[in-house]
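Trainee: I would like to go through this model with you and ask, for each term we use, what entitles us to use it.

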Amino acid sequence: MAKELTINDIAREAKVSKATVSRVLNGVDCVKQDTKEKVLEVMKVRNFSPSATARNLSRQSSDTIGVIVPEVDNPFFGEILRGITEIADQDNTTLICCNSDDSAMKDRKALLMLKEHRVKGLLYTPAVDYTSKEQQKAIHKLLEDLNAPIVIMDRQTESLRKYDGIFFDDETGIYEAVTYLIQSGHKKIALINATQDRVLARVRLRGYEKAMKAQGIPIDRDNILEGNYRMTRAYELSAELLDRKERPTAVVTCNNRTSLGFLKALYEKGERLEKDISCIGLDRIEALDIVESQFNYIERDAKQMGRKAVKLLNERIKYPAKHQEQVVMKPILKIWKEDRRKADERQI
């Protein structure tokens with residue numbers, strides 16, 4: 001196997017220093033034109049193409065943005081990534097995308113790797129809440145060591161409030177969904193959520209409780225089911241709920257995978273949406289649009305979140321001293337209307 005050509009080889013053949021080659025690669029103006037041409041000629045003859053990593057080592061930062069999401073296989077985060085890449089492509093910005101699988105350990109590994117690449121900025125959805133002092137100290141150190149602007153996406157944890165962020169108003173979304181169900185005649189409404197060690201689970205529960213109290217409906221704790229935002233666990237909880245003798249007449253599901261778990265349990269029992277039980281889910285499920293399922297949902301424009309996140313990061317890179325910015329996006333309640341064969345949109 002042929003030996004890979006290095007910057008040292010180019011410097012030796014061009015009879016210049018390694019530092020001079022690095023300056024040519026990075027477009028520094030202080031190199032004399034004849035020296036620059038000599039270096040470029042050697043590179044051309046030897047078909048030398050330096051790696052981005054090698055270039056970054058001679059800089060304080062790269063032209064690369066890091067992205068860390070917790071569930072890359074979740075369509076919600078897939079849409080966020082689509083929005084990010086849309087803007088990044090327009091700006092000719094390179095992305096390094098990492099998936100943490102909701103694991104603090106994988107979060108740490110991703111941050112250490114991005115530090116090595118000297119990213120110029122980070123778009124970050126934390127894997128966990130980082131609630132203990134020890135956890136907060138560790139994550140703050142990792143983020144500060146990046147020495148780069150950071151924008152937090154989707155999960156607004158208390159420990160990371162000092163950074164710019166972009167979030168959805170999930171509390172209001174759930175509040176409006178529950179209010180709509182109550183005004184439609186439902187009094188027994190279940191919430192399929194996650195455990196309260198997750199910031200979004202606490203936010204969504206708050207919206208549910210506020211709506212019930214505002215409408216004067218007693219809260220039955222048995223109707224608040226806590227899973228893990230995964231389809232399998234949601235299916236198990238939903239099957240148990242649907243088997244109750246005195247079961248709720250409506251359900252609010254707190255993410256797309258939870259909605260799928262509920263629907264799987266419902267269809268296995270041979271029951272139908274709206275005819276046997278009502279449901280409003282958080283986030284659109286694209287496949288249900290294809291089969292024209294009567295699925296009501298709270299739509300969050302994840303692609304737009306991705307676009308706005310990149311723009312917010314670029315603003316911070318351009319103006320490091322600007323005031324901290326927290327962007328809160330409003331969801332839209334979409335209610336199926338069979339006679340119109342499409343959803344009735346309600347701006348929240």
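Trainee: At what angle do helix 8 and helix 9 pack, and how far apart are their axes?

Mentor: This is a predicted model, and in it helix 8 (residues 170-183) and helix 9 (residues 199-214) pack at an angle of about 35°, their axes lying 7 Å apart.

Trainee: What makes the crossing of helix 8 and helix 9 left-handed or right-handed?

Mentor: The test is whether the near helix is turned clockwise or anticlockwise from the far one by less than a right angle; the crossing of helix 8 and helix 9 is right-handed, so the turn here is clockwise.

Trainee: Which residues make the contact between these helices?

Mentor: From helix 8 they include Ile174, Tyr175, Val178 and Ile182, and from helix 9 they include Leu200, Val203, Ala211 and Met212. Taken together, the residues of this contact divide into 10 nonpolar, 2 polar and 5 charged.

Trainee: How do you know that strand 6 and strand 7 are paired?

Mentor: Pairing requires at least two bridges, and strand 6 (residues 189-194) and strand 7 (residues 224-227) have 4 bridges in the parallel sense, so they qualify as a pair. Within that pairing, asparagine 193 stands opposite glutamate 226. The chain passes from strand 6 through helix 9 to strand 7, and this β-α-β crossover is right-handed.

Trainee: What is the strand order in the open sheet of 6 strands?

Mentor: The order is 2-1-3-4-5-11, with parallel pairing.

Trainee: Why are strand 2 and strand 11 called edge strands?

Mentor: Strand 2 (94-99) and strand 11 (326-329) each pair on one side only, and that is what the name records. Neighbouring strands of this sheet are turned by 15° against each other on average, direction ignored.

Trainee: What makes helix 13 a helix that packs on this sheet?

Mentor: Contact calls for heavy atoms within 4.5 Å, and helix 13 (residues 302-318) touches strand 1, strand 3, strand 4, strand 5 and strand 11. The direction of helix 13 makes about 165° with that of strand 5.

Trainee: Why is the pairing of glutamate 71 with arginine 257 called a salt bridge?

Mentor: The closest N and O atoms of glutamate 71 and arginine 257 are 3.5 Å apart, and the cut-off is 4 Å, so the pair meets the criterion. Glutamate 71 lies in the loop between strand 1 and helix 5, whereas arginine 257 lies in helix 11, and the two are 186 residues apart. A search of the whole structure finds 30 salt bridges.

Definitions and conventions: Residues are numbered from 1 along each chain as its sequence is written. This is a predicted model: local features need pLDDT of at least 70, side-chain atom pairs count only at pLDDT 80 or more; totals for chains, interfaces and linings use all residues. Side-chain values use heavy atoms; hydrogens and water are left out. Axes are lines fitted to C-alpha atoms, for helices over the stretch in contact, and angles run from 0 to 180 degrees between N-to-C directions. Ala, Val, Leu, Ile, Met, Phe, Trp, Tyr, Cys and Pro count as nonpolar, Asp, Glu, Lys and Arg as charged, and the others, Gly among them, as polar. A crossover is right-handed if, with the strands pointing away from the viewer, the path from the first strand over the helix to the second runs clockwise. A salt bridge is a side-chain nitrogen of Lys or Arg within 4 Å of a carboxyl oxygen of Asp or Glu.
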